[in-house]
Amino acid sequence: MAEEIRKAVSKVRACVSLEETAAALREALKHPKVMFLGEILSLDNVQALQRDPTTQGLFRLTQIFSYGTIHHYQNEKEEIDGEGKEMTEGMKEKLMKLTIVSLCGNKRSVDYDTLMHNLRVSDMTLLETLLLDLLIDGLVKGRIDSENKLLEVDSVAGRDVDPKDLMRLHQALSLWKAKSDESISLLDLRLSSFSSSLSLPSSSSSLNSQLRSLLHIQSPGAHSDEVMSNF
């Protein structure tokens with residue numbers, strides 16, 4: 001899959017005209033193994049598509065394939081693909097798989113009802129076919145529990161992030177870092193206080209003597225001496 005993505009990126013990057021770029025981009029969107037389009041979307045010639053009225057819909061469609069879901073496409077279909085020419089059946093299936101990947105993020109399991117509701121499908125056979133493809137391609141690692149109608153998730157491939165969500169993600173990471181720093185500082189303070197209260201000397205014999213005192217050992221036997229010699 002990585003090789004297909006690399007080739008697609010190279011092909012789109014080499015395009016000069018708007019028409020060539022649009023054609024190469026459509027080819028990448030249709031390719032069943034080019035599942036991640038974030039690098040393609042960042043190319044300057046692809047970014048230029050959003051400034052031309054004839055290719056704005058294609059650009060938005062590429063954004064949806066990069067970090068959106070089938071829900072986004074359905075809601076914006078009239079604006080980005082009014083005549084339905086851009087989205088083929090193969091592309092729709094690909095976007096449904098990407099939607100499943102998003103739904104599986106940070107979850108240990110996802111039930112069929114949730115998946116079918118978000119995919120807007122009622123065909124369980126179609127759903128299990130999509131799930132099987134994802135497992136085979138390694139985009140989701142886990143297993144299908146047909147009896148309980150569950151997808152059990154061990155891990156899932158990461159998708160690209162909507163630039164609008166980057167600030168929220170940055171804030172969340174900053175908050176996590178601040179709390180981690182606070183916890184580490186508190187731990188350092190407690191360790192320092194504990195060490196001071198012990199007034200641990202540097203010599204091994206003095207250390208043994210103080211530990212015996214703390215443990216209220218008056219006359220340790222041979223076994224105790226052996227244990228204490230390990231300090």
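Here is a short conversation about the predicted model shown above.

Colleague: Glad to look at this with you; what ground rules apply to this predicted model?
Modeller: Residues are numbered from 1 along each chain as its sequence is written, and side-chain values use heavy atoms, leaving out hydrogens and water. Local features need pLDDT (the predictor's confidence in each residue, from 0 to 100) of at least 70, totals for chains, interfaces and linings use all residues, and side-chain atom pairs count only at pLDDT 80 or more.

Colleague: What pLDDT does the protein chain average?
Modeller: Over residues 222-231 pLDDT stays under 50. Still, 81% of the residues score at least 70, and the chain average is 85.

Colleague: How many helices and strands does the protein chain have?
Modeller: Both are DSSP runs numbered from the N terminus: helices are H or I with at least four residues, strands are E with at least two. By that count, the protein chain has 12 helices and 3 strands.

Colleague: What share of the 231 residues counts as buried?
Modeller: Buried means under 20% relative accessible area, exposed over 50%, and partly exposed in between, with a 1.4 Å probe and protein chains only. On that scale, the buried share of the 231 residues is 31%.

Colleague: Which residues of H9 are buried, and why are they on the same side?
Modeller: The buried residues of H9 are Leu127, Leu130, Leu131 and Leu134. They cover an arc of only 95 degrees around the axis (taken from the directions from the helix axis to the C-beta atoms), which puts them on the same side of H9. Exposed on the other side of H9 are Thr125 and Ile136. The cover over the buried residues includes helix H7, helix H8, strand E2 and strand E3, and the buried residues themselves are again Leu127, Leu130, Leu131 and Leu134.

Colleague: Which residue caps the N-terminal end of H9?
Modeller: H9 runs over residues 124-137, and Gly138, just after H9, takes a positive phi of about 80 degrees. At the N-terminal end, a side-chain oxygen lies 2.9 Å from the backbone nitrogen of Thr125, and the capping residue is Asp123.

Colleague: Is Ser66 buried or exposed?
Modeller: Ser66 sits in helix H5, residues 56-67. Not counting residues up to four places away in sequence, Ser66 touches Leu37, Gly38, Leu41, Arg159 and Asp160, where contact means heavy atoms within 4.5 Å. Its relative accessibility is 1%, so Ser66 counts as buried.

Definitions and conventions: The expected span of a helix is 1.5 Å times one less than its number of residues. A polar contact is a pair of N or O atoms within 3.5 Å; within protein, one must be able to donate a hydrogen and the other to accept it, and residues adjacent in sequence count only if both atoms are side-chain atoms.
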